[in-house]
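Morning, everyone. Please bring up the model on your screens, and I'll walk you through it.

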Amino acid sequence: MCGIVGYVGPKIANEFLIEGLRRLEYRGYDSAGTATLNGGGGIDIVKAVGRISGLAAKIAQTPNAATIGIGHTRWATHGVPNECNAHPHYGGNEDLAIAHNGVIENHAELKQSLVNKGYEFVSDTDTEVIAHLLADSLKTELERNGHADDDLALPAAAVRAATRKLRGTYGLAIVFRQYPGAIFAARLGSPLVIGLGDGENFLASDSAPLAGYTDRIVYLSDHQLAVLTTDGIQLSHRDQGDIDPDIQVLEVNAEQVDLGHFEHYMLKEIYEQPESISNTMRGRLNDDDATAVFGGLNLSPQELRKIKRIVFTACGTSWHSALVGEYLFEEIAHIPVEVEYASELRYRNPPMDNDTLIFAITQSGETADTLAALREMKRQGHLTMAICNVVGSSIAQEADGGIFLHAGPEIGVASTKAYTSQCVALVMLALYFGRLRHVSYNEGRRIIEDLKKLPAMVEKTLETNDKLREVAEKYQHATNFLYLGRHYNFPTALEGALKLKEISYVHAEGYPAAEMKHGPIALVDDQTPSVFVMPRGFIYDKVMSNVEEIKARGGPVIAIAVEGDNRIAEVADDVIYIPSVEEYLQPIVSIIPLQLRSYHIAVLRGCDVDKPRNLAKSVTVE
Ligand code: G6P
């Protein structure tokens with residue numbers, strides 16, 4: 001949620017800042033701004049409500065040759081989206097400017113003490129509190145140590161002192177009028193990445209803006225402070241002194257964050273799924289042992305053998321893949337599984353045995369509730385794992401071990417390729433746990449062979465696109481949809497309904513198909529289409545009865561069924577045919593037409609597919 005960028009070097013700062021903000025726009029997009037240091041010893045802030053294109057146009061009106069600056073794109077938490085609340089914010093008497101991600105919980109009390117000292121607030125944000133607090137800390141440091149304009153230790157000490165007073169989360173980028181050659185960055189619970197260049201350095205709240213500029217990066221950890229100048233970076237812990245930076249290689253390249261020939265990131269990411277699924281499986285299927293291999297679980301097979309129960313915790317789309325995981329683990333690994341909303345788990349106190357393993361499933365690795373649930377489980381002494389897409393993210397850093405999805409950057413706010421990669425990772429994990437217990441060599445080999453065919457099946461499923469566009473046109477004005485499926489396709493129904501709600505603002509409810517008799521069937525009329533996810537399987541006939549029940553009440557039916565199923569064509573109004581795969585792999589194939597259908601309905605209704613209203617890609621507030 002919200003994005004931060006920073007640049008210091010020989011080039012025009014605004015060029016990187018605007019491009020970086022464009023790439024971060026998916027994290028928040030109600031307003032944006034930049035702060036650059038001008039040659040006259042002042043800080044220029046430019047802000048605009050709405051998208052980055054508006055900010056870019058405004059900046060283009062006043063040429064600005066500054067070579068150091070910071071920028072921010074906002075997803076409002078405190079205060080409505082307007083120019084005044086947009087970041088960066090000045091602190092003191094325009095002595096500094098800051099951009100902030102996160103939420104400051106004690107902002108009210110801090111504000112009162114700053115008001116008492118004479119600081120004037122112009123915005124409704126919690127961020128302005130940090131800005132004035134920093135100005136106040138700088139004043140104290142200057143009074144204590146005298147004016148040493150070239151000594152960056154002094155503003156760094158001010159940042160340390162100010163951040164000690166903050167309760168909550170922050171990723172901060174700060175520039176000081178008096179120290180025009182440096183950007184200061186500090187982190188607690190909200191990610192920041194430094195990009196190391198040649199005579200230039202970059203800052204961003206995730207790695208997407210850095211792709212194509214540098215491939216050497218340093219992730220900041222909690223309580224760390226970085227000072228970026230043209231000469232290099234200096235890293236320290238807030239309370240423990242200097243740290244040697246752990247320089248890592250950025251694996252994202254510029255093409256991965258470009259739209260290419262696609263009109264929207266969501267469509268691009270839907271079409272990337274044959275490849276992203278292959279990447280999730282790459283190097284992890286072991287034919288000889290008929291099992292999956294994971295390098296990062298950090299637990300021996302002997303330790304994992306002792307696990308008696310698994311808890312998956314997640315939010316949003318990731319929670320739906322956790323549900324798929326529940327079915328997979330029951331069937332393949334025979335291990336009891338519970339699926340918990342992270343926002344609920346974090347405040348519950350469920351009795352759990354020692355031999356319970358917790359998996360946090362998350363695309364971004366930054367979702368505040370998932371992180372809090374993981375921490376609570378760790379605090380209780382449980383082993384925690386992450387199934388995560390973003391390397392270097394908070395959850396990936398804090399879990400005891402885990403699996404990276406390697407799905408590549410997901411930029412569309414509605415999750416698509418991360419979801420299918422999560423499901424694939426869960427199949428492999430269930431295979432791994434199953435092979436530690438009762439799954440035979442032959443059965444393991446069969447699962448591996450099925451998995452290997454999956455990317456081609458997904459590729460074939462994408463061929464439904466034209467038909468889905470047609471069907472979307474037919475139902476584009478419907479305002480209510482039911483999504484129904486059973487067993488492995490119950491989570492698909494939930495996820496299909498969520499996709500439609502998220503990007504087209506059309507109401508949709510996902511239900512287990514048989515459960516619709518207990519309420520949702522009252523909604524059925526000729527204006528309320530039902531989408532049935534019903535590939536063949538042991539439950540097919542039962543779902544067919546549910547289709548008949550809907551038809552008997554005049555409800556239109558759109559069916560997602562497997563090729564060759566003529567029976568459904570006689571009953572349903574529209575049928576989308578997908579390839580036949582084993583039942584436990586159906587969720588990975590059957591979700592694809594539902595992703596495409598939501599996409600087409602959203603486009604037909606004129607919605608902003610990649611940046612749906614009120615949503616953000618990663619929800620870093622509670
Ligand atoms: C937000 C996004 C969803 C995502 C959810 C969980 O609500 O809009 O697409 O599923 O957060 O995010 P995570 O990064 O933890 O998977």
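Let me start with a question: is Tyr 213 buried, partly exposed or exposed? Its relative accessible area is 34%, so Tyr 213 is partly exposed. Keep in mind throughout that this is a predicted model.

Now look at what Tyr 213 pairs with. Its ring centre is 4.8 Å from that of Phe 16, and the planes stand at 85°, so this pair is edge-to-face. Phe 16 has a relative accessibility of 3%, so Phe 16 is buried. The two residues come from distant parts of the chain, 197 residues apart. Phe 16 sits in helix H1, residues 13–24. Tyr 213 sits in the loop between strand E10 (201–204) and strand E11 (216–219). There are 15 aromatic pairs in the structure.

Stay with H1 and look at the sheet under it. H1 lies across strand E1 (3–8), strand E2 (31–37), strand E4 (68–74) and E10. Against E1, H1 runs at about 160°. Helix H2, residues 52–61, also packs on the sheet, and touches E2, E3 and E4. The direction of H2 makes about 135° with that of E3.

The sheet itself is open, with 8 strands and antiparallel pairing. Read the order as E3-E2-E4-E1-E10-E9-E11-E15. At the edges are strand E3 (43–49) and strand E15 (248–249), each pairing on one side only. Inside, strand E9 (193–196) runs antiparallel to E10, joined by 4 bridges. One bridge to find: Gly 195 partners Phe 202 in E10.

Next sheet. This one is open too, with 5 strands, but the pairing is parallel. The order is E24-E23-E25-E26-E27. Which strands stand at the edges? They are strand E24 (507–512) and strand E27 (574–578). Each has a single partner strand, so one side of each has no neighbour in the sheet. From one strand to the next, the twist averages 20°.

Strand E23, residues 480–485, pairs with E24 over 6 bridges in the parallel sense. Within that pairing, Asn 480 bridges to His 507 in E24. Helix H17, residues 540–552, lies across E23, strand E25 (530–533) and strand E26 (557–562). H17 runs at about 170° to E25.

Find Phe 481 next. Leaving out residues up to four places away in sequence, Phe 481 touches a set that includes Leu 500, Val 506, Val 531, Ile 558 and Ile 601.

That leads to the cores. The largest nonpolar core has 92 residues. Phe 481 is among those with the most contacts inside it, along with Ile 310, Phe 312, Phe 329, Leu 429 and Phe 433. Helix H13, residues 417–435, gives the most to this core: 12 residues. A second, separate core has 32 residues, including Leu 114, Val 129, Ile 130 and Tyr 179.

Back to rings. Ring pairs join Phe 294, Phe 312, Phe 329, Phe 359, Tyr 432 and Phe 433 into a cluster. How accessible is Phe 433? Its relative accessibility is 0%, and the cut-off for buried is under 20%, so Phe 433 counts as buried. Tyr 432, at 13%, is buried too.

Last stop: charges over rings. Arg 613 places its charged end over the ring of Tyr 505, 3.9 Å from the centre. Arg 536 lies over the face of Tyr 540, at 4.6 Å from the ring centre.

That's the tour. Over to you.

Notes. Residues numbered from 1 in each chain as written. Predicted model: local features only at pLDDT ≥ 70, side-chain atom pairs only at ≥ 80, totals over all residues. Heavy atoms only, no water. Pairing = 2+ DSSP bridges. Axes fitted to C-alpha atoms, helices over the stretch in contact; angles between N-to-C directions. Contact = heavy atoms within 4.5 Å. Core = buried A, V, L, I, M, F, W, Y, C linked by side-chain atoms within 4.5 Å. Buried < 20%, exposed > 50% of the residue type's maximum accessible area, 1.4 Å probe, protein only. Phe/Tyr/Trp six-rings, centres within 6.5 Å; stacked < 30°, edge-to-face > 60°. Lys NZ or Arg CZ within 6 Å of the ring centre and 35° of its normal.
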